[in-house]
Each structure stands twice: as C-alpha cells, then as structure tokens.
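The following questions and answers concern the structure displayed below. Each answer sets out its reasoning before giving the value or name requested.

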Amino acid sequence: MTLRPPSPSLFRPARPPARDLLEENRHLIRDIDRRGVLRGTLSLGALALLGGCDVTESDQVQAVLRAVSGWNDRVQAWLFRPDHLAPTFSEAEVVKPPRFNAYYDIEEVKPVVAANWTLELGGRVASKRPWSLAEIEALPQQELIIRHICVAGWDYIGQWSGVNLRLFLERVGADLSAKYIAFRCADGYFESIDMPSALHPQTILATRYAKEPIADPFGFPLRLRTATKLGFKNPKWIVSMAVTNDFPDSFYRQQGYNWFSGI
Amino acid sequence: MHAHDAAPAAHGRRKLHPAPVRIMHWINALAMFIMIGSGWKIYDDNVLFGWLHIPESLTFGRWLQHGLEWHFFGMWFLALNGLAYVAYGLATGRFRRMLLPLRARELVATFKDALRLRLAHDDLTHYNAVQKLLYIGVILVGILIVLSGLALWKPVQLSELLALFGSFQNARLVHFLCMSAIVLFVLVHVALALLVPRTLLAMITGGPAVSREPARNPS
C-alpha cells in the first residue's frame with residue numbers, strides 16, 4: 001500500500017517531527033491531513049462532474065460496503081484450504097533486500113533493540129512467560145521462499161525463516177480451538193489473523209531473511225510471515241501475541257481494508 | 001439446449017429482448033460501472049504502466065481502501081449476474097439464435113460496409129456479422145476478466161488457476177487488458193445505441209415481437 005508515499009512537496013519539513021508526538025496526535029493530524037483536503041477537493045470536483053457519483057463517504061454507503069466486506073471475510077474463511085500449500089520458489093529468485101511498506105516512510109522506522117526485547121504472550125495460553133530472541137531462535141527453524149503480495153498489487157519473492165507458528169503455539173500451550181491470534185507491534189501497529197491461517201504449515205514467526213537476521217525496516221527482531229495472507233496481514237516488530245475468542249480488530253480494517261485478506 | 005426463450009409472448013411470439021435479458025443487461029451495466037471505476041482507483045495505487053495514470057476524477061471511491069471495498073462489493077453482482085446471463089443464453093438457445101452462425105466472408109463484407117458508413121440497421125432482430133463477433137468477443141472477455149480476477153483475489157487458494165496465467169503480474173496484465181477491451185466495446189456499443197435510439201429503447205421495453213422460429217440466415 002502506498003497510502004503515504006514520500007512526498008516531493010516543498011512543504012515537507014526537512015526534519016520530520018518527533019515520532020511520539022505524531023503518535024500522540026495521530027487523530028488530529030489525520031483531520032488536518034493536507035492530502036485529505038486535496039483529495040476532498042478533487043472528490044468535490046468529481047461530485048460536480050459526475051452528478052453525485054462519489055458517494056463512498058456517506059455513512060449509509062460505508063455501512064453497506066463494510067457489511068459486504070464482513071460477508072467476504074466469511075466467504076474467504078470458507079474458501080481457505082488448510083492443507084493447500086502456496087507455491088514456493090528457488091533461492092535465485094529471492095529479492096534482496098525485501099520491499100518496504102508501512103503506514104509511514106522508511107526513514108521513520110524506529111529500530112527495536114534486541115537486548116531489551118521480549119515477546120509477551122497473552123490470552124488463552126498455558127504459559128505466559130515472555131520469550132527472548134535467543135530462546136525463539138533455539139526452536140526448530142523452518143524456511144519459506146514464498147511470494148509476498150501487497151494489497152496495492154506489487155509482489156516479490158522473499159526468503160524467510162523462523163519457528164513454525166503452530167509449533168510455537170503448541171509449545172506455549174495455546175488453545176488451538178480459539179478463533180484469533182492478535183499481534184501488537186513496537187510501532188503501535190496491531191493486526192490479527194484467524195486460527196486456521198495461523199495453523200497453516202506455511203505460517204512462521206520469522207527472525208531471518210535470506211539467512212541473515214531481518215533488517216530493521218522489515219521487522220527486526222520478529223515478524224509474522226504467512227503464505228496465505230496479503231502483506232499488511234504480516235505484522236513486523238511484534239512485541240506481543242495473544243490467543244483470543246474476542247475479535248481483536250486490525251489497524252487497516254479500521255481504515256476500510258478487508259479484515260481476512262486471504263490470498 | 002432448447003430454442004425457446006423463457007418468456008414467450010402470446011401467439012407463439014415473444015419480444016426481441018425478453019424481460020430476463022433486459023434485467024440482466026442493466027444489472028450488468030451498473031456492475032460494470034462500479035467495477036471499472038473502482039478498478040481504476042486500485043490500478044492508480046500501483047500502476048502497471050508508468051505512462052498511464054487514470055485521472056482521479058474518473059475513479060470510484062476516495063482512497064485505495066474505498067476502491068477495494070467497491071470492487072469486492074461489485075464483484076458479486078458482476079459474477080453472479082454474468083453467470084445467470086451465460087446460463088440463460090445457452091439454455092434458451094438465445095446465443096445460438098442471435099450470435100450464430102458467424103461466417104468469415106460475411107464478416108469482411110459487413111466490415112467494409114461499416115467503413116463506408118453504409119450499414120443497414122432497419123431490422124433490430126438481426127445482428128450483422130460484426131455485431132455477432134463483438135458480442136461473442138465481449139462475452140468471452142467477460143469470462144476471462146472474471147477468471148483473472150479470481151486468480152488475483154485468491155492466488156494461493158486458487159494457485160492452479162493462477163498458474164494458467166503464468167505469474168501474479170501476468171494475471172494483473174490480463175485483467176487490465178480485458179478491462180481495456182471491455183471499455184472499448186462499451187464506447188462503441190453506447191455510441192451506436194445513441195445513433196440508433198430504437199436499439200436503446202428496445203433494451204428497456206423489449207423491442208419488436210419476433211417469431212419463435214429460428215432467425216433467418218442472411219443470404
């Protein structure tokens with residue numbers, strides 16, 4: 001998704017404002033978003049041109065579109081083949097480095113310090129003891145050379161390795177009959193996936209890319225990589241994981257993207 | 001397949017466009033409007049061709065997520081209505097009656113006439129060879145755009161279908177080219193319908209009554 005592409009604008013500050021300030025005032029900033037105003041004006045133009053065709057913003061229309069998106073979640077869960085493997089590729093096809101995407105620019109990535117980092121566990125798991133990176137890397141490793149597909153349409157082949165998520169969930173005594181896995185990330189991002197996708201053989205907690213520790217912009221020290229979901233369903237810089245039956249929502253669903261987003 | 005339309009009028013005669021055809025035609029028109037406008041919004045977020053950006057005022061939905069919401073809303077109407085239309089066309093014999101036979105010699109002759117602007121269109125119930133070719137073509141392209149769309153929506157669950165297109169980006173390209181072909185068809189189709197308004201009216205009221213006999217073959 002190129003929701004916030006780097007802007008060549010003259011009005012772009014040379015030094016970006018402090019990250020926590022942006023985070024604190026996210027809603028305010030969204031309200032005064034310059035591009036929003038610009039797009040609003042364009043939409044107004046379109047409205048005049050097309051005589052009321054740009055009806056996306058009306059609450060009733062949004063409610064209908066959201067309801068259909070919810071229906072599409074159910075259809076996708078039904079279409080999901082738990083044992084069907086995604087195509088895999090050769091090492092020669094791997095793109096290095098992988099392609100960056102987040103709800104902010106790559107220069108704004110705040111690296112996670114491994115020494116201070118643990119993976120917190122919550123919800124329906126027997127053992128909630130936090131895990132260090134060394135402990136996670138000591139578990140059996142699985143490598144996936146799979147296609148990453150972004151909701152915007154681009155794709156690349158990536159080589160990810162880490163611990164199989166099903167294996168990890170079994171190791172911590174997770175309730176595998178629960179509905180969702182919820183992830184929280186160091187940058188405030190949050191994402192959730194359905195249990196069948198979590199248990200798919202090609203879903204891992206990745207710690208390495210092309211056999212090296214994942215670089216900072218791509219999720220060091222730990223991110224999700226699943227072969228059966230769009231890119232944005234693979235959270236980076238994960239700091240906590242919870243097994244739950246209560247719908248945990250996701251950052252991009254709240255902005256109108258489809259929640260299941262299976263591929 | 002049977003050579004009868006579903007809703008024959010009295011005395012063994014039915015209208016040129018029976019009610020199911022008219023209803024499906026207009027549902028399809030609306031679904032295509034939504035799919036093309038929202039598809040252009042999605043295209044613009046990550047273009048296939050650097051030289052081609054669709055003007056924002058022509059796209060449907062405000063941001064990418066709205067384009068996607070509309071696209072995954074409209075797809076149900078396009079696909080289910082399209083499926084019903086193809087099933088109807090095959091089962092009632094309408095496709096065979098209206099679109100076949102298609103002969104190469106006739107096609108060349110009609111095409112030459114069209115270039116000299118000497119096309120006759122006093123008989124709405126009979127399609128000339130170019131019309132037949134365009135209607136057959138757009139139905140096949142319609143099937144292909146749905147198949148490539150399914151491959152793009154579910155490249156892993158339907159990985160066998162994606163494999164037919166080669167790669168994910170190839171499927172995107174096929175999807176895009178199908179859209180382009182449909183847009184060209186719509187431009188010609190609408191322009192001709194406006195030039196001969198009786199054809200447009202026929203798609204609303206049903207048009208002239210036609211006999212249940214198979215359409216005569218043109219000489």
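**Chain A: fold and core**

Q: Among contacts in chain A between residues at least 6 apart in sequence, what percentage joins residues at least 24 apart?
A: Two residues are in contact if their C-beta atoms, placed from the backbone, lie within 7 Å. Among the contacts in chain A whose residues are at least 6 apart in sequence, the share joining residues at least 24 apart is 70%.

Q: On what kind of model, and on what numbering, do these values rest?
A: Residues are numbered from 1 along each chain as its sequence is written, while chains are lettered from A and ligands numbered from 1 in the order in which they are written. Local features need pLDDT of at least 70, side-chain atom pairs count only at pLDDT 80 or more, and totals for chains, interfaces and linings use all residues, since this is a predicted model.

Q: How many helices and strands are there in chain A?
A: Helices (H or I, at least four residues) and strands (E, at least two) are DSSP runs, numbered from the N terminus. Chain A contains seven helices and nine strands.

Q: What percentage of the residues of chain A count as buried?
A: A residue is buried if 20 or more other C-beta atoms lie within 10 Å of its own, exposed if 12 or fewer, and partly exposed in between, with C-beta atoms placed from the backbone. Chain A has 263 residues, and the buried proportion is 36%.

Q: Which strand of chain A gives the most to the largest nonpolar core?
A: A nonpolar core is a set of buried Ala, Val, Leu, Ile, Met, Phe, Trp, Tyr and Cys residues joined through C-beta atoms within 7 Å. The largest has 50 residues, and those with the most contacts inside it include A:Ile181 and A:Phe183. With five residues, the strand that gives the most is S4 (residues 180-185) of chain A.

Q: Which residues does A:Phe183 contact, leaving aside neighbours within four places in sequence?
A: A:Phe183 is among the residues with the most contacts inside the largest core, as are A:Ile238 and A:Met241. Its contacts beyond those neighbours are A:Phe190, A:Glu191, A:Ser192, A:Leu224, A:Pro235, A:Ile238 and A:Met241.

**Chain A: local backbone features**

Q: Where is A:Pro97, which a cis peptide bond joins to A:Lys96?
A: The bond between A:Lys96 and A:Pro97 has an omega of about -10°. A:Pro97 is placed in the loop between H4 and strand S1 (120-123) of chain A.

Q: How far apart in space are A:Tyr156 and A:Lys96?
A: A:Tyr156 belongs to strand S3 (residues 155-164) of chain A and touches A:Val95, A:Pro98, A:Arg99 and A:His148, not counting residues up to four places away in sequence. A:Tyr156 and A:Lys96 are 60 residues apart in sequence; in space, C-alpha to C-alpha, they are separated by 9.7 Å.

Q: Is A:Trp237 buried or exposed?
A: A:Trp237 lies in the loop between S8 and strand S9 (238-244) of chain A. Although not a glycine, A:Trp237 has a positive phi of about 50°. Because 26 other C-beta atoms lie within 10 Å, A:Trp237 is buried.

**The contact and chain B**

Q: Which helix supplies the largest share of the side of chain A that touches chain B?
A: The contact takes 36 residues from chain A and 23 residues from chain B. Helix H3 (34-50), helix H4 (59-79) and strand S2 (142-149) of chain A each supply at least two residues of that side of chain A. The largest share, six residues, comes from H3(A).

Q: How are H5(B) and H7(B) oriented to each other?
A: Axes are lines fitted to C-alpha atoms, for helices over the stretch in contact, and angles run from 0 to 180 degrees between N-to-C directions. Helix H5 (residues 129-153) and helix H7 (residues 168-195) of chain B pack at about 150°, with their axes 9 Å apart. Angles under 35 degrees count as roughly parallel, over 145 as roughly antiparallel, 65 to 115 as roughly perpendicular and the rest as oblique. H5(B) and H7(B) are therefore roughly antiparallel.

Q: How is H4(B) oriented to H5(B)?
A: The axes of helix H4 (residues 104-115) of chain B and H5(B) come within 7 Å and cross at roughly 105°. This crossing makes the two helices roughly perpendicular.
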